[in-house]
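Reader: Could you take me through the cysteines in this one? I'd like a close look at how they pair up, or don't.

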Amino acid sequence: FWLKLFHAAMCSQGCCGVSFFADLPELPEGSPEPSQTVAALKDEIAQIQTAVGVGELRSVLSVANLRVPRLVLHDGNAKPTDWGAGPWETEVVMTGHADAYAAPMKLLVRFNSEYPCLPPRITFRSIVLHAGARDGVLPEQFYQFLGERHQRFPFRTVLLELLKYLQDPLPALQVDPSMVSQARRALQLTAEESLQRLSVITRYKALRVHPSLFDEVEGWRPDWFHPGFRQALQADTREAWQGLTTEHVPGAVFSCPIFTEEFCDMVMAEVESFSNCGLPARRPNSMNRYGLILNHIGLEGMFDRLQDEVLSKMAAHYWPEIGPFDGHHSFIVRYKEQQDLGLDMHTDDSDVTFNVCLGKEFTGAGLSFCGVMGLSTHRKHTYTLQHKRGSMCFHLGRQRHGADDITSGERFNLIVWNTSRTYRATHHYKAGTTIAGVRREDGPPDPVCLSYTHDRDYGVFKEYPSAAALEHKGRGWCPPSHAEYADFVAEA
């Protein structure tokens, strides 16, 4: 509530935010040539790298060398880039001004050809619970404030202004006077939430069963991976990945072995240790009641590395138009009798999902796939996958799927939702994720593809499985009225 109110206060000033990956602007008159920009940036970064951790840059821990992103947004489409044209980016690791933001935070800083005539754009890659950086993106007012204070925007200057902004964003945001107290309350509450999260991570350090799982310096050990997966990753060619993976739905759903049984045991032991230690834990998502968010117990950095070094490489071979990944939600789900038995049909809040079965012994609990959200075959069954321990399935987040009920035993799954801001700003993504873009269905849904949470005709074909499910009756959205199949009948 307070975040929404804070956002409303900013919107009252006319600018709610800005896309970090907006279309590339035209080069302003008088801007340096791209080659000059690159040379100047490399020099600036080298100077900052020698000064991090001391003086006015004491909160800056590291600055990576300049690089180019794999894809950039241009004319609403994701396009490859190169050194000559830019844009260019670097990753900065820094801490904040108070205990609530004392843990290292990763930022992506992107420079376009007009730099330093215009400032670089900044987004947070790490989880940052701060009312002035909603969803990890700085609002447009931050950049307007920079423009009022500076004529040019050297990298060092922007970093220092960012540190001031995180400490007190209200001068830059120009919050309506009538809402200043609410805005400060929102800042306080998000800081308290951040502090609680960091407290859990800190307190759990002494209780870790397998400290190597948290070792960001050493990272992911080769012996944790299945031998065939290690070979495919080392080769990193389309042919190598095709030789390892099984394609269950053409171009849509794949699986392959990824982890050893020993590694699966390690992760499950760590999850059970945390679950039994008494520290607070948030639900992994709005649908699963049992599980654990790994980013909230100290594993965010390790999964940053898994995303960068493994998952992004795989995904680029199967969906080259999606990327680069710059965020993830990594979590464990558990299915067991008397707890969550299965999961209703849904799509994920991800661009590409990786789903690993860790164990234990169980029967049932297949993963049924249907079509892609927005297509006429959205609710048509395509495949049901039977989980195998140590194996991973991967698919588009927009692929409708659901977990069939477990009939005995207990199942743990490790899931990584990967997101790309670049991809989410494309015409292709927007067209596939809006209600207006949903195509007319070509016939009634297959029963296995029905969702009691989302579908307007669920009760026409199936009985509701529980009293909790029945609460959704009459509240569905799918299909929207313009996409109804012939002779569609909505439930009462």
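Author: Let's set one term up front: buried means under 20% relative accessible area, exposed means over 50%, and partly exposed is in between (1.4 Å probe, protein chains only). Keep in mind that this is a predicted model, where local features need pLDDT of at least 70, side-chain atom pairs count only at pLDDT 80 or more, and totals for chains, interfaces and linings use all residues. Residues are numbered from 1 along each chain as its sequence is written, and side-chain values use heavy atoms, with hydrogens and water left out.

Now, the bonding. Take a disulfide to be a pair of cysteine sulfur atoms within 2.5 Å, and the count comes to 1 disulfide. The partners are Cys-370 and Cys-449, with sulfur atoms 2.0 Å apart. Their link is left-handed, with -100 degrees about the S-S bond. Cys-370 sits in strand 14 (residues 367-372), while Cys-449 is in the loop between helix 12 (427-432) and helix 13 (458-461), so the bond ties together parts 79 residues apart in sequence. Those elements are DSSP runs numbered from the N terminus: helices are H or I with at least four residues, strands E with at least two. Cys-370 is buried, at 0% relative accessibility, and Cys-449 is buried as well, also at 0%.

Then there are cysteines without a bond. For Cys-256, the closest cysteine sulfur is in Cys-393, 9.6 Å away, which is too far for a bond. Cys-256 still counts as buried, at 3% relative accessibility. Cys-264 is in no disulfide either, and its nearest cysteine sulfur, that of Cys-357, is 7.5 Å away. Cys-264 is buried too, with a relative accessible area of 0%.
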